[in-house]
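Here are a few exercises to work through with the structure open in your viewer. Try each task before you read the solution under it.

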Amino acid sequence: MIRLDHLFIALDDWQMTISLTVEAGSFCALIGPSGAGKSTILNAIAGFLPHGPGQIFIDGADMANLPPAKRPISMLFQDHNLFNHMTVAQNVALGICPSLKLDKSQWQQVHEALEQVELGGMGSRLPRALSGGQRQRASLARAILRDRPVLLLDEPFAALGPALRKDMLTLVSDLARKNGQTIIMVTHHPEDAMLAADQTALVHDGTIAQQGPSEQLFANPSEALTAYMG
């Protein structure tokens, strides 16, 4: 479970206070207008951004004193963050060991992860030889191999076309459920939340304006959600 308890975040003259609970193994989408603070919430959970009063708990553990590398989190960004001088397999293997000193069984895990994201046989290629969707699949495979219970998605599929974005959302949702991961995803597309997310939270005016099971939330939108969706 992820729990944000009256978490206060301030950036210059902008501030927000967030309370949010995401059950273990579930998929939560954060939607809302640009600048509302969706990515800020993810960065605070991951430890990339300091926060003021309030707490972040993951599976009951307080994250306050843990640096990003020690938190039980993997994060997938819109920028795939692959190293262009490394092969796809090497990029994915970083999820197991940054030094790339892997044994035979670990390299087998890399190839299995590539198979999971439908990149089997492409491990020897360089990232530039892949399409945008394939590069994001490689990033997803690396996140899977990090074997962290929480996966944060910061609009990783925003640059993809509707059909490919739908495929990637279905893939990440299926893999996360298979691996028992808890997901929080930032998206500007309400249809993404309706497709993949168990619950959705609307970030508006520095707070969570509405949250709940996705189907119920979109069936009974608040005034803020109605205004956001037009």
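Contact here means heavy atoms within 4.5 Å. Keep in mind that this is a predicted model.

**Exercise 1. Which strands does α5 lie across, and at what angle does it run to β8?**

Step 1: Pick out α5 and look at the strands beneath your selection. They are β3, β7 and β8.
Step 2: Take the direction of α5 against β8, and you get about 155 degrees.
Step 3: Now do the same for helix α1 (residues 38-46), which lies across β3 (27-31), β6, β7 (150-154), β8 and β9. Against β7, α1 runs at about 150 degrees.

**Exercise 2. Work out the strand order of the six-stranded open sheet, and find which strands stand at the edges.**

Step 1: Walk across the sheet: the order is β6-β7-β8-β3-β9-β10, and the pairing is mixed.
Step 2: Count partners at the ends. β6 (73-77) and β10 (207-213) each have a single partner strand, so each has one side without a neighbour in the sheet.
Step 3: Check the twist, which averages 15 degrees from one strand to the next.
Step 4: Zoom in on β9 (residues 199-204) and β10. The two run antiparallel and are joined by six bridges. Over in β10, T207 stands opposite H204.

**Exercise 3. How do α4 and α5 pack, and which residues make the contact?**

Step 1: Two numbers describe a helix pair: the angle between the axes and the distance between them.
Step 2: For α4 (residues 132-145) and α5, the angle is about 10 degrees and the axes are 11 Å apart.
Step 3: Angles under 35 degrees count as roughly parallel, so α4 is roughly parallel to α5.
Step 4: List the contact residues. α4 brings G133, Q136, R137, L140 and I144, while α5 brings L164, D167, M168, L171, V172, L175 and N179.
Step 5: Sort them by class: seven are nonpolar, three polar and two charged.

**Exercise 4. How many cavities of 30 Å³ or more does the structure hold, and what lines them?**

Step 1: The count is two.
Step 2: The largest has a volume of about 60 Å³. Its lining includes E155, F157, R165, M185 and H188, and α5 (162-179) and β8 (182-186) each supply at least two lining residues.
Step 3: By class, that lining has six nonpolar, three polar and three charged residues.
Step 4: The second largest cavity comes to about 40 Å³. Among the residues lining it are G25, F27, S173, R177 and D198.
Step 5: α5 gives the most to this second lining, with three residues. The classes here are three nonpolar, four polar and two charged.

How values were computed
Residues are numbered from 1 along each chain as its sequence is written. This is a predicted model: local features need pLDDT of at least 70, side-chain atom pairs count only at pLDDT 80 or more; totals for chains, interfaces and linings use all residues. Side-chain values use heavy atoms; hydrogens and water are left out. On a 1 Å grid over the protein atoms alone, a cavity is a set of points where a 1.4 Å probe fits but cannot get out, and a pocket is an open set with protein on both sides within 12 Å along at least five of seven lines; lining residues have an atom within 4 Å of a point. Grid points are joined across faces, edges and corners, and a volume is the space filled by probe spheres set on the points. Helices (H or I, at least four residues) and strands (E, at least two) are DSSP runs, numbered from the N terminus. Ala, Val, Leu, Ile, Met, Phe, Trp, Tyr, Cys and Pro count as nonpolar, Asp, Glu, Lys and Arg as charged, and the others, Gly among them, as polar. Axes are lines fitted to C-alpha atoms, for helices over the stretch in contact, and angles run from 0 to 180 degrees between N-to-C directions. Angles under 35 degrees count as roughly parallel, over 145 as roughly antiparallel, 65 to 115 as roughly perpendicular and the rest as oblique. Two strands pair if DSSP finds at least two bridges between them.
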